[in-house]
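Please examine the sequence and the three-dimensional coordinates shown below before reading the report.

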Amino acid sequence: MLERTKVTPMPFSYTLAIRRITYLFCFLCLPSVSRISPATGPPLLTVIISYIFFGLDALADDLEAPFSDTFMVIPLDAMARAVEINVLESLGEKDLPEPILAEGFSF
């Protein structure tokens, strides 16, 4: 079941629509808010809000592929191998597979 999730890509039109809406909002709506009054939206606030929106867009790109091999995902292979080794040990097996070492994680 998870294999199907792993290989199913996010439709490009969703990614493109989210990215274009983010750009349109940041470049069209936020500057108009800062023109209303300095108290309601100084230019620095506009920059900060834009930075947050673009950060969320980048985060959405990473969340599209939860099982990819990048450094920002949970090491599922290493965790599954650790569970396999623990189960085999509890069953009394002597020939255990080698653990898979996850880089940058401790569990």
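The report that follows treats confidence, overall architecture, salt bridges, individual residues and the surface.

## Model and confidence

The structure is a predicted model. Averaged over the chain, pLDDT is 75, and 64% of the residues reach 70 or more. Confidence varies between the elements: helix 4 has the highest mean pLDDT, at 88, whereas helix 1 (residues 2-7) has the lowest, at 63.

Where pLDDT is low, the predicted coordinates should not be read in detail.

## Overall architecture

The chain contains four helices and zero strands, and the order of elements from the N terminus is α-α-α-α. Helix 2 covers residues 12-36, helix 3 covers residues 43-63, and helix 4 covers residues 76-90.

Of the 107 residues in the chain, 11% count as buried. The accessible area of the chain is about 8800 Å², of which carbon and sulfur atoms supply 68%. Among contacts between residues at least 6 apart in sequence, 48% join residues that are at least 24 apart.

## Salt bridge between helices 2 and 3

Side chains of opposite charge can pair when their charged atoms come close. Two salt bridges are present in the structure. One of them joins the side chains of arginine 19 and aspartate 57, with an N to O distance of 3.0 Å. This pair links distant parts of the chain, as arginine 19 belongs to helix 2 and aspartate 57 to helix 3, 38 residues apart.

The environments of the two partners can be stated individually. Arginine 19 has a relative accessible area of 27% and is therefore partly exposed. Aspartate 57 has a relative accessible area of 10%, so this residue counts as buried, the cut-off being under 20%. With neighbours within four places in sequence left aside, aspartate 57 is in contact with Ile18 as well as Arg19.

## Salt bridge within helix 4

The other pair consists of arginine 81 and glutamate 84, whose closest N and O atoms are 3.3 Å apart. Both residues lie in helix 4, three residues apart, which corresponds to about one turn of the helix. Arginine 81 counts as partly exposed because its relative accessibility is 24%. Glutamate 84 is also assigned to the partly exposed class, at 38% relative accessibility.

Helix 4 itself has 15 residues and spans 21 Å from its first C-alpha to its last, close to the 21 Å expected at 1.5 Å a residue. Just after helix 4, glycine 92 adopts a positive phi of about 90 degrees.

## Threonine 22

Is threonine 22, a residue of helix 2, buried or exposed? Its relative accessible area is 12%, and threonine 22 is therefore buried.

Setting aside neighbours within four places in sequence, threonine 22 is in contact with Phe53 and Phe54. Of these contact partners, Phe53 is also listed in the nonpolar surface patch described below.

## Nonpolar surface patch

Which residues form the nonpolar patch on the surface? The patch is formed by Phe25, Leu44, Val47, Ile48, Tyr51, Ile52, Phe53, Leu56, Leu59 and Leu63. Together, these residues have about 1000 Å² of accessible area. Helix 3 provides the largest share of the patch, nine residues.

Leucine 59, one of the patch residues, lies in helix 3. Its relative accessibility is 40%, so leucine 59 counts as partly exposed. Aspartate 57 also lies in helix 3, but this residue is buried, with a relative accessible area of 10%. Helix 3 thus carries residues of the nonpolar patch together with the aspartate partner of the salt bridge to arginine 19 in helix 2.

Definitions and conventions
Residues are numbered from 1 along each chain as its sequence is written. This is a predicted model: local features need pLDDT of at least 70, side-chain atom pairs count only at pLDDT 80 or more; totals for chains, interfaces and linings use all residues. Side-chain values use heavy atoms; hydrogens and water are left out. Patches are made of residues with over 30% relative accessible area and no salt bridge: like charges are joined within 9 Å, nonpolar side chains (Val, Leu, Ile, Met, Phe, Trp, Tyr) within 5 Å. Accessible areas come from the Shrake-Rupley method with a 1.4 Å probe; for residues, only the protein chains shown count as cover. A salt bridge is a side-chain nitrogen of Lys or Arg within 4 Å of a carboxyl oxygen of Asp or Glu. Helices (H or I, at least four residues) and strands (E, at least two) are DSSP runs, numbered from the N terminus. Buried means under 20% relative accessible area, exposed over 50%, partly exposed in between (1.4 Å probe, protein chains only). Contact means heavy atoms within 4.5 Å. pLDDT is the predictor's confidence in each residue, from 0 to 100. The expected span of a helix is 1.5 Å times one less than its number of residues.
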